[in-house]
Amino acid sequence: MTVVVPLVLGQACRSFLREFLDRRKPPFGTVSSAVLLMIIYTTFCDTFSNPSIQLDPTSLLLVVLIIFAIQISFMLLTFTFSTRSGSGFTPADTVAIVFCSTHKSLTLGIPMLKIVFAGYQHLSLISVPLLIYHPAQILLGSILVPTIKTWMNSRQKSSLLLR
């Protein structure tokens with residue numbers, strides 16, 4: 001009810017409302033960003049305002065380091081496999097694979113946690129890694145964009161010269 005029904009309803013309404021929405025051009029990007037921000041904010045508040053959460057600073061730092069290590073490992077793994085000879089992927093494909101395959105969103109993760117662990121008293125504690133993972137993927141992505149852009153451009157230029 002929380003994830004699938006809104007998705008199905010949105011897809012069903014899309015065909016009926018397409019022309020109307022094309023004429024009006026509502027600010028879906030802004031609304032989507034605001035909703036995502038509210039989901040993150042409410043989850044963060046629910047998590048860290050919970051008096052039963054027992055997360056000391058050392059444990060939190062360890063979780064942050066583990067999340068970053070996992071994210072970097074996944075990105076390196078997908079980069080390695082997508083750049084192997086014979087993979088058939090272009091440099092642009094590799095960039096899409098690296099960024100899209102390792103990224104997960106709070107907008108799907110938090111409702112799933114709330115459904116799967118409904119009534120569980122330590123739900124706040126379980127959501128901490130997801131709350132860290134989302135900003136970690138954004139931070140790592142923004143740090144890696146210049147390097148990956150340079151790599152992609154050099155690969156595309158070299159492939160054009162070989163033709």
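1. Let me start with Lys25, which is exposed, with a relative accessible area of 62%. This is a predicted model, and Lys25 sits in the loop between H1 and helix H2 (28-48). Its backbone deserves a look when you have the structure open: Lys25 takes a positive phi of about 50° just after H1. Most residues other than glycine have a negative phi. Lys25 is not a glycine, yet its phi is positive.

2. Staying with the same end of the chain, have a look at helix H1, which covers residues 4-24. Where does H1 bend, and by about how much? The bend is at Leu17, and the angle there is about 70°.

3. Next come the transmembrane annotations. UniProt, in an unreviewed entry, lists residues 28-48, 60-81 and 130-148 under "transmembrane region". In the model, residues 28-48 are 100% helix and 0% strand, and the C-alpha atoms at the two ends of this span are 30 Å apart. Residues 60-81 are likewise 100% helix with 0% strand, and here the end C-alpha atoms lie 32 Å apart.

4. Helix H3 takes in residues 57-82, and Leu62 is placed in it. Leu62 also helps to make a nonpolar surface patch, together with Ile66, Ile70, Phe74, Leu77 and Phe81. The area of this patch is about 570 Å². If you colour the surface by residue type, these six side chains are the ones to pick out.

5. Two further residues of H3 are worth your time. Val64 is found in this helix and is partly exposed, with a relative accessible area of 24%. Which residue, 72 positions away along the chain, has its C-alpha atom 8.4 Å from that of Val64? The partner is Ala136. Ala69 lies in H3 too, and at 41% relative accessibility it counts as partly exposed. Ala69 and Ile97 are 28 residues apart along the chain, and their C-alpha atoms are separated by 18 Å.

6. Now to helix H2 and the loop that follows. Asp46 is found in H2 and is partly exposed, with 42% relative accessible area. Its C-alpha atom is 9.7 Å from that of Ser127, with the two positions 81 residues apart in sequence numbering. Pro51 lies in the loop between H2 and H3. Is Pro51 buried or exposed? At 79% relative accessibility, Pro51 counts as exposed. Measuring tools in your viewer should show Pro51 and Ser124 at 9.9 Å, C-alpha to C-alpha, although they are 73 residues apart in sequence.

7. My last point concerns Thr94, found in helix H4 (residues 91-102). Thr94 counts as buried because its relative accessibility is 2%, and the cut-off for buried is under 20%. A polar atom of the Thr94 side chain lies 3.5 Å from the backbone oxygen of Ser82. That contact is a good place to finish your tour, with Thr94 in H4 on one side and the backbone oxygen of Ser82 on the other.

How values were computed: Residues numbered from 1 in each chain as written. Predicted model: local features only at pLDDT ≥ 70, side-chain atom pairs only at ≥ 80, totals over all residues. Heavy atoms only, no water. UniProt positions renumbered as here; feature names shortened; annotations may be inferred. Helix = DSSP H or I, 4+ residues; strand = E, 2+ residues; numbered from the N terminus. Patch = residues over 30% accessible without salt bridge, like charges linked within 9 Å, V, L, I, M, F, W, Y side chains within 5 Å. Areas by Shrake-Rupley, 256 points an atom, 1.4 Å probe, with all protein chains shown as cover. Salt bridge = Lys/Arg side-chain N within 4 Å of Asp/Glu carboxyl O. Bend = angle between axes of the 7 residues up to and from the residue. Buried < 20%, exposed > 50% of the residue type's maximum accessible area, 1.4 Å probe, protein only. Polar contact = N/O pair within 3.5 Å; in protein donor to acceptor, adjacent residues only side chain to side chain.
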